[in-house]
Structures are given as structure tokens and as C-alpha cells.
Amino acid sequence: VHGLGDRDYGLWVLLFSFAGYFGIIDQGIRPSIVRYVSRARAARDDEELAHTIHGALLLYLVVGLLVFVASEVLATYVPYWLRVAPDLHAIAPMLVRIVGASIAVGLPLGVYGGVLSGLQRYDLSNALGIVVSIVRAVGFATVIACHGGLLGLAWMAFAVNTAGHLATFWTARRLVPEVPLLPRPVRRDVMLRI
């Protein structure tokens, strides 16, 4: 609060709490990933495991695209809807776009966090989460100390979140090398089940 000031901090909290509402879009996809990855792994059914992961990826790609489009619409009107101070009119839309892009990228990459949970590798999932939290805290402190402002914080959040998702992706891929990286045609029954 001291580093940003009341006004900028208020906008930061408002945008990121608003972004939390995009979590509603999940609609139970992540618990389904955990359940069906766990079931396929227990049955040693690599084909079903691949279909589950690729089906969830497709669903989250579509949802991520919708979030990206919604954030573009919100960015256009955010200075007026939120009654942002005139000197923040140029920054507010960019903040919404960065936050939207972070969520849009994080949704499909978040599938691999569900894969780790489905494989019962909470140790790896939690270790990655701890590292990401520490890096984010240090990054935020650095941006504030260097007077990077709201845009600097938003870009730092985007970079750290994306790096965390990529680390989760890499970790999950090492645990399920039998699942091809390139998706197979997605089965309708798998999509409906997820």
C-alpha cells in the first residue's frame, strides 16, 4: 500500500479480485481432471489418460479464449465502468488486458496442475506452488522498490504465473511420458464426462 499509494493499490486489488471471478468458469473441470487422470492411471489405461488430458486441454483452451475476448471488451470500457481517475485511463485497459492474458494462458496450462493432483503428486505440486509464491513476492517487492508501478506489477504477475504453469507442465510431462504431446482427436464421450 505504501509503495503504490491508496489509489493504485485499490485499482490493483479491484482488478485482481475481479479476475478471481473468472474462476467460476471452471465449472468443475479441474476436479474432473483429477478424478479421471487418477482412474486412468490406476487402470494403467494410457489411451484414456491421453484422452482425458487432451479433452481437458481443449475445454480450457476454449474457456481461455472466451476469457481473453471478455478481457478485451472489459479493457475497452474499464475507465468508464470503474470511474478510474483520468491519469489512469491509459493504464487501466492495459492492466485488464495483462490480467486477462494471464488467466487465458493459465487456464489451459492449469490442466497439468490437475494431472499432478490426479497422480497423487501433491509433494511436487506444493513445492512448485511454494517456489512460485516466493518468486512472486520477491518480484513484487523488487518492482515496487524500483517504482515499476501497476504495469510493472502486472507484467511481473504474468511472467511468474506463466513460468509456474510451465514448470508444472514440464513436471507433469515427465511423469506421464506415455501421453503424446500432440493431441489426438478428442472423443465426445470424454468431453461430456469432463
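Contact here means heavy atoms within 4.5 Å. With that cut-off, 81% of the contacts between residues at least 6 apart in the sequence of the chain join residues at least 24 apart. The model to be toured is a predicted one.

**The whole chain**

Begin with the entire chain displayed as a cartoon. Eight helices and zero strands make up its secondary structure, and the order along the sequence reads α-α-α-α-α-α-α-α. The C-alpha trace spans about 60 × 30 × 25 Å along its principal axes. Of the 194 residues, 42% count as buried. The chain exposes about 10,500 Å², of which carbon and sulfur atoms supply 67%.

**Helix α3**

Next, select residues 46–81, which form helix α3. This helix has 36 residues and reaches 49 Å from its first C-alpha to its last, close to the 52 Å expected at 1.5 Å a residue. Move along α3 to A75, where there is a kink of about 40°; the proline P79 follows shortly after the kink. After α3 comes R83, with a positive phi near 50°.

**A nonpolar patch**

Show the surface and select L14, L65, F68, V69, V73, Y77, Y80, W81 and L82. Together these residues make a nonpolar surface patch of about 910 Å². Which helix gives the largest share of the patch? Helix α3 does, with seven residues. Among the patch residues, L65 lies in α3 and has a relative accessible area of 56%; L65 is therefore classed as exposed, the cut-off being over 50%.

**L58 and its contacts**

Remain on α3 and select L58. Its relative accessible area is 37%, so L58 is partly exposed. Beyond residues up to four places away in sequence, L58 touches V186 and M191. Add L192 to the selection: L58 and L192 are 134 residues apart in sequence, yet their C-alpha atoms are 12 Å apart in space.

**Salt bridges**

The structure holds six salt bridges. Select E48 and R193, whose side chains meet in one with an N to O distance of 2.4 Å. This pair links distant parts of the chain, for E48 is in helix α3 and R193 is in helix α8 (residues 188–193), 145 residues apart. Is E48 buried or exposed? E48 is buried, because its relative accessible area is 15% and the limit for burial is under 20%. R193, by contrast, has a relative accessible area of 24% and is partly exposed.

Add R187 and D189, which form a salt bridge at 3.0 Å, N to O. R187 is partly exposed at 28% relative accessibility, and D189 is partly exposed at 41%. With all four side chains displayed, the view shows E48, R187, D189 and R193 linked in a network of salt bridges.

Return to α3 and select E72 together with R97. The closest N and O atoms of this salt bridge are 3.1 Å apart. Here too distant parts of the chain are linked: E72 belongs to helix α3 and R97 to helix α4 (residues 91–109), 25 residues apart. E72 is partly exposed at 28% relative accessibility, and R97 is partly exposed at 28%.

**T168 in helix α7**

Finally, select residues 149–175, helix α7, and centre the view on T168. At 13% relative accessibility, T168 counts as buried. Leaving aside neighbours within four places in sequence, T168 is in contact with Y112, G113, L116 and L128. Display these side chains around T168 to complete the tour.

Key: Residues are numbered from 1 along each chain as its sequence is written. This is a predicted model: local features need pLDDT of at least 70, side-chain atom pairs count only at pLDDT 80 or more; totals for chains, interfaces and linings use all residues. Side-chain values use heavy atoms; hydrogens and water are left out. Patches are made of residues with over 30% relative accessible area and no salt bridge: like charges are joined within 9 Å, nonpolar side chains (Val, Leu, Ile, Met, Phe, Trp, Tyr) within 5 Å. Accessible areas come from the Shrake-Rupley method with a 1.4 Å probe; for residues, only the protein chains shown count as cover. Helices (H or I, at least four residues) and strands (E, at least two) are DSSP runs, numbered from the N terminus. Buried means under 20% relative accessible area, exposed over 50%, partly exposed in between (1.4 Å probe, protein chains only). The expected span of a helix is 1.5 Å times one less than its number of residues. The bend at a residue is the angle between axes fitted to the seven residues ending there and the seven starting there.
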